[in-house]
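Got your viewer open? Let's take a walk through this structure, one selection at a time.

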Amino acid sequence: MSIQVEAAVDEKMIWQWLEAVADPEIPVISIVDLGIVREVCFDSIADQFIIAITPTYSGCPATAVIAADISSALKNHGVENFRLENKLSPAWTTDWLSAKGRKALREYGIAPPAGGALHQVVDASRIMRATLEEAIECPHCKSKHTKLSSQFGSTPCKALYVCQDCKEPFDYFKPH
Amino acid sequence: MNPNPLFEYLLRLGDNNLILAQRLSSWCGHGPVLEEDIALANIALDLLGQARMWLTLAGEAEGKGRDEDKLAYHRNANEFRNLLLVEQDNGNFADTMARQFYYDQWNYLLLGELQQSSDARIAAIAEKSFKEVSYHIRRSSEWIIMLGDGTAESHTKIQQAIDRLWPYTGQLFDADVIDEDLINKHIACDVSRLHDTWLKNVTATLAEATLRLPTTQVSAEKQGAHSESFEALLAEMQILPRTYPNATW
């Protein structure tokens, strides 16, 4: 006689599965490495897992896709008892990008954030001329001789740079 | 007094961002250079995302089952609570930048204060929006300096824009009876208290830009009044869901 015991799903397994869910805009990085998944826990009263996610930028169109991708990933693993919660505070920051995520970005051709998000705080009483930004390393040729062409790139989370040496334009994932 | 000041207050926050986002979106495909076209669309997207959060919360505060879409698409002009400044026509690039500059300088201070709101939902939206508006304020202020201290032509155009939009800035600091109750409960921010800091910061940037601070009188229009072109803006924004109320993607 054999009794088949189904392995109980726990939070750790869910984290692992979510590590395989890619960001829809930047498919080389997972939503966990991007810091979008804030919490996984079990609500024993509702008999449900709660997955707390946070949007990167409030207007980011990828947010809805990410929620749908999480749902299908969990369902593919046979989990039906879960709900997604949107968590706005604390606000998402690039400081939550994992080291693995940063490396993957660079290899993909996107320069990862150079400094911590705190450096970005604006002093509204002294906004002066556009100053030279911190040197951002070109993800293609590693030159630090690069120039900002726009604070806003192909998505709200990125700025546009041009390398002055290899002449290639590249995206910079801005500290936020 | 309005029976639901919180609903009214959240509509104001939502409508300001929604209407400015709609105006900015019209630049898409028409920007002076590609980078600026993309930047304007990105800023519009940020503001639209913020509008969605405010309007969703407004719908909850109202408690009549209206969601963000219902509020954005199924209200008439006289039910919109945005500031006159944000609905002003795009005009030329200088007009758009001057409008953005006045608004960003105000919005940045407002969101800074709202992060301390006693309503945790308002504080959370403000915290999120504040980070995004930090980029907006830097960019619009830098453009004011570039245009003001640029060529003779850019200087003339940005000075005209700064002067033309100035009267609408009075309304930014007009705290009224809707605000009063919420200010006492530490839910809302008293906008009249933002004026001096705003003026100081705007004056500093204009000086750096070699521009003149306007001296004309600011207008005292109440919130909820609209310009003639506002109807046309709404018509374009609302036509699809109004024509096909049950349309889905």
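One thing before we start: this is a predicted model. Now select helix 2 and helix 6 of chain B and look at how they cross: the crossing is left-handed. To find these helices, pick residues 34-62 of chain B for helix 2 and residues 120-148 of chain B for helix 6. Their axes come within 11 Å and cross at roughly 165°. Angles over 145 degrees count as roughly antiparallel, so helix 2 of chain B is roughly antiparallel to helix 6 of chain B.

Next, show the side chains where these two helices meet. On helix 2 of chain B, the contact is made by B:A39, B:I43, B:D46, B:Q50, B:M53, B:W54 and B:L57. On helix 6 of chain B, look for B:R121, B:I125, B:S129, B:E132, B:H136 and B:R139. Try colouring by class: this contact has 6 nonpolar, 3 polar and 4 charged residues.

Keep helix 6 of chain B on screen and add helix 7 of chain B, residues 152-165. The axes of this pair come within 7 Å and cross at roughly 130°. Helix 6 and helix 7 of chain B are therefore oblique to each other. Here helix 6 of chain B uses B:I144, B:L147 and B:G148, while helix 7 of chain B brings B:S154, B:H155 and B:I158. What is the split by class this time? The contact of helix 6 with helix 7 of chain B has 3 nonpolar, 3 polar and no charged residues.

Time to go inside. The largest nonpolar core holds 105 residues, and B:L10, B:W54, B:L85 and B:A98 touch the most other members. You've already met B:W54, in the contact of helix 2 with helix 6 of chain B. Select helix 5 of chain B, residues 93-114, too: the largest share of this core, 13 residues, comes from there.

Zoom in on B:A98. Setting aside neighbours within four places in sequence, B:A98 is in contact with B:I158, B:A161, B:I162 and B:L165. B:I158 should look familiar from the contact of helix 7 with helix 6 of chain B.

Last stop: bring chain A into view. Here 32 residues of chain B are in contact with 24 residues of chain A. Helix 2, helix 5, helix 6 and helix 9 (195-208) of chain B each supply at least two residues to chain B's side. Which helix of chain B gives the most to that side? Helix 6 of chain B does, with 15 residues. Colour the chain B side by class and you'll find 12 nonpolar, 9 polar and 11 charged residues.

Key:
Residues are numbered from 1 along each chain as its sequence is written. Chains are lettered from A and ligands numbered from 1 in the order in which they are written. This is a predicted model: local features need pLDDT of at least 70, side-chain atom pairs count only at pLDDT 80 or more; totals for chains, interfaces and linings use all residues. Axes are lines fitted to C-alpha atoms, for helices over the stretch in contact, and angles run from 0 to 180 degrees between N-to-C directions. Helices (H or I, at least four residues) and strands (E, at least two) are DSSP runs, numbered from the N terminus. Angles under 35 degrees count as roughly parallel, over 145 as roughly antiparallel, 65 to 115 as roughly perpendicular and the rest as oblique. A crossing is left-handed if the near helix is turned anticlockwise from the far one by less than a right angle, and right-handed if clockwise. Two residues are in contact if their C-beta atoms, placed from the backbone, lie within 7 Å. Ala, Val, Leu, Ile, Met, Phe, Trp, Tyr, Cys and Pro count as nonpolar, Asp, Glu, Lys and Arg as charged, and the others, Gly among them, as polar. A nonpolar core is a set of buried Ala, Val, Leu, Ile, Met, Phe, Trp, Tyr and Cys residues joined through C-beta atoms within 7 Å. A residue is buried if 20 or more other C-beta atoms lie within 10 Å of its own, exposed if 12 or fewer, and partly exposed in between; C-beta atoms are placed from the backbone.
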